[in-house]
Amino acid sequence: MALRSMVNATLLCLLVYQVYSSGVFELKLQEFLNKKGVIGNQNCCKGGADSGLLHCECKTFFRICLKHYQANVSPDPPCTYGSAVTPVLGSNSFQIPEINADVAFTNPIRFPFGFTWPGTFSLIIEALHSDSPDDLSVDNPDHLISRLATQRHLTVGDEWSQDVHTSGRTELKYSYRYVCDEHYYGEGCSAFCRPRDDAFG
């Protein structure tokens, strides 16, 4: 009877471990190019005058939306796997460092999962112009510089998938991957295995 109870308890633990899988989707923004300093409608971003000439300066931040796979990706919420809004990271064309202490930003952007990785996802990245560093409103269509809306298949692993999105006069270089948390393994990070040093292992 005791042996049967122990077997049942072990099976229950295994089922719990399979349900509570764990991993993280990581998105690394690398470089953004907007050589003309214009928003999506080709108008100049408000920057100021330089020696009587109009100077276009797009103070750029990003909205990221990660969601389940969609054949036709909608940029609208809900972002079923998570969302993020960065601070202003640069003007017009710039590289994006891994750490920017000035604006409390860490790259890559991490989206933790508490369930089995499905192997597919949809990703929306919007580059937006901000009139001031304190205004990170994503609802004004006049501030949209560019939008990436894509869907991908992705296996679990440490290697980064590299990608480039070109839209009009802008270009975004980025990379992404899905990695398991510590002690989680398998195709969807659903296998739990932790070393132990006791009577059971």
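In this predicted model, Arg147 is partly exposed, with a relative accessible area of 37%. Arg147 forms a salt bridge with Glu126, and the closest N and O atoms of the two lie 2.7 Å apart. The pair links distant parts of the chain, since Arg147 belongs to strand β12 (residues 144-153) and Glu126 to strand β11 (residues 120-129), 21 residues apart. Glu126, in contrast to its partner, is buried, with a relative accessible area of 4%.

**The chain as a whole**

The secondary structure consists of one helix and 16 strands. The chain has 201 residues, of which 39% count as buried. Its accessible surface comes to about 11700 Å², and 53% of that surface belongs to carbon and sulfur atoms. Of the contacts between residues at least 6 apart in sequence, 67% join residues at least 24 apart.

**Strand β1 and its partners**

Strand β1 covers residues 23-34 and is mostly covered, with ten of its twelve residues buried. Three pairings of this strand are described here. With strand β14 (residues 170-180), β1 pairs in the antiparallel sense over eleven bridges. With strand β10 (residues 109-113), β1 forms an antiparallel pairing over five bridges, in which Val24 stands opposite Pro112. Strand β7 (residues 94-95) also runs antiparallel to β1 and is joined to it by two bridges; there, Phe32 has Phe94 as its bridge partner.

**Salt bridges**

The count of salt bridges comes to seven. The table gives the N to O distances of three pairs.

| Pair | Closest N to O distance |
|---|---|
| Glu26 and Arg177 | 2.7 Å |
| Glu31 and Lys173 | 3.5 Å |
| Arg147 and Glu126 | 2.7 Å |

The salt bridge between Glu26 and Arg177 links distant parts of the chain: Glu26 lies in strand β1 and Arg177 in strand β14, 151 residues apart. Both of these residues, Glu26 and Arg177, are buried. Glu26 and Arg177 are also linked with Arg110 in a network of salt bridges.

Glu31 and Lys173 are joined in two ways. Glu31 stands opposite Lys173 of β14 in the strand pairing, and the side chains of Glu31 and Lys173 meet in a salt bridge. This pair likewise links distant parts of the chain, with Glu31 in strand β1 and Lys173 in strand β14, 142 residues apart. Glu31 has a relative accessible area of 19%, and therefore counts as buried, because the limit for that class is under 20%. Lys173, with a relative accessible area of 31%, is partly exposed.

Technical notes: Residues are numbered from 1 along each chain as its sequence is written. This is a predicted model: local features need pLDDT of at least 70, side-chain atom pairs count only at pLDDT 80 or more; totals for chains, interfaces and linings use all residues. Side-chain values use heavy atoms; hydrogens and water are left out. Helices (H or I, at least four residues) and strands (E, at least two) are DSSP runs, numbered from the N terminus. Buried means under 20% relative accessible area, exposed over 50%, partly exposed in between (1.4 Å probe, protein chains only). Contact means heavy atoms within 4.5 Å. Accessible areas come from the Shrake-Rupley method with a 1.4 Å probe; for residues, only the protein chains shown count as cover. Two strands pair if DSSP finds at least two bridges between them. A salt bridge is a side-chain nitrogen of Lys or Arg within 4 Å of a carboxyl oxygen of Asp or Glu.
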